[in-house]
Amino acid sequence: MRVSAMSVISGCSLPLNWSRDKKTKEVLVPYGRDPEGIMKSITGRLAKKGFMTYSHENMVIVAPPLIITEAQLREEMVKLDEVLGEVDAQYCTTKGESTLS
């Protein structure tokens, strides 16, 4: 390791941030403001499916355990895809197209 102060790498994550409109890039939730409670709604929907995650500002953090089988990972990605489809249908103007930024 090049950094002597780092002894353990505890995980990896993928922050997801998407826009209401793919063409204009208008963000779904403006940074620092979520008056509609969209992020809480998204993480709540994921939790109901057993997908454990959290949000920070306008991002959903996907941070699977480092020890996970491919089958488990695929199962979790199906849950994420279902919820993101619901969010897209409810909030985004470019329906049916990926609105991930």
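This short talk goes through the sheet, a helix lying across it, a salt bridge and one pocket of the structure above.

Please keep in mind throughout that we are looking at a predicted model.

Let me begin with the sheet, which is an open one made of 3 strands in the order E1-E3-E2, with antiparallel pairing. Strand E1, residues 14-16, and strand E2, residues 54-56, stand at the edges, and because each has a single partner strand, one side of each is left without a neighbour in the sheet. On average, and with direction ignored, neighbouring strands of this sheet are turned by 35° against each other.

Taking the pairings in turn, E1 is joined to E3 by 3 bridges, the two strands running antiparallel, and here Pro 15 stands opposite Ile 61 in E3. On the other side of the order, 3 bridges join E2 to strand E3, residues 59-62, again in an antiparallel arrangement, and among the residues involved, His 56 has Met 59 in E3 as its bridge partner. The hairpin of E2 and E3 has 2 residues between the strands, and in that hairpin Glu 57 takes a positive phi near 55°.

What lies across E2 and E3? That is helix H1, residues 38-48, which runs at about 30° to E3.

Turning to charged contacts, a search of the whole structure finds 6 salt bridges, and I will single out the one that Arg 20 forms with Glu 36, where the closest N and O atoms are 2.9 Å apart. Both residues lie in the loop between E1 and H1, so the pair ties together parts that are 16 residues apart in sequence.

Finally, there is the second largest pocket, for which the computed volume is about 160 Å³. Its lining includes Gly 50, Phe 51 and Met 52, then Val 62, Ala 63, Pro 64 and Pro 65, and also Ile 68, Leu 73, Glu 76 and Met 77. Which element gives the most to this lining? Helix H2, residues 70-91, does, with 3 residues. Sorted by class, the lining of this pocket comes to 9 nonpolar residues, 1 polar and 1 charged.

That is where I will stop, and I am happy to go back to any part of the model on the screen.

Key: Residues are numbered from 1 along each chain as its sequence is written. This is a predicted model: local features need pLDDT of at least 70, side-chain atom pairs count only at pLDDT 80 or more; totals for chains, interfaces and linings use all residues. Side-chain values use heavy atoms; hydrogens and water are left out. On a 1 Å grid over the protein atoms alone, a cavity is a set of points where a 1.4 Å probe fits but cannot get out, and a pocket is an open set with protein on both sides within 12 Å along at least five of seven lines; lining residues have an atom within 4 Å of a point. Grid points are joined across faces, edges and corners, and a volume is the space filled by probe spheres set on the points. Helices (H or I, at least four residues) and strands (E, at least two) are DSSP runs, numbered from the N terminus. Ala, Val, Leu, Ile, Met, Phe, Trp, Tyr, Cys and Pro count as nonpolar, Asp, Glu, Lys and Arg as charged, and the others, Gly among them, as polar. Two strands pair if DSSP finds at least two bridges between them. Axes are lines fitted to C-alpha atoms, for helices over the stretch in contact, and angles run from 0 to 180 degrees between N-to-C directions. Contact means heavy atoms within 4.5 Å. A salt bridge is a side-chain nitrogen of Lys or Arg within 4 Å of a carboxyl oxygen of Asp or Glu.
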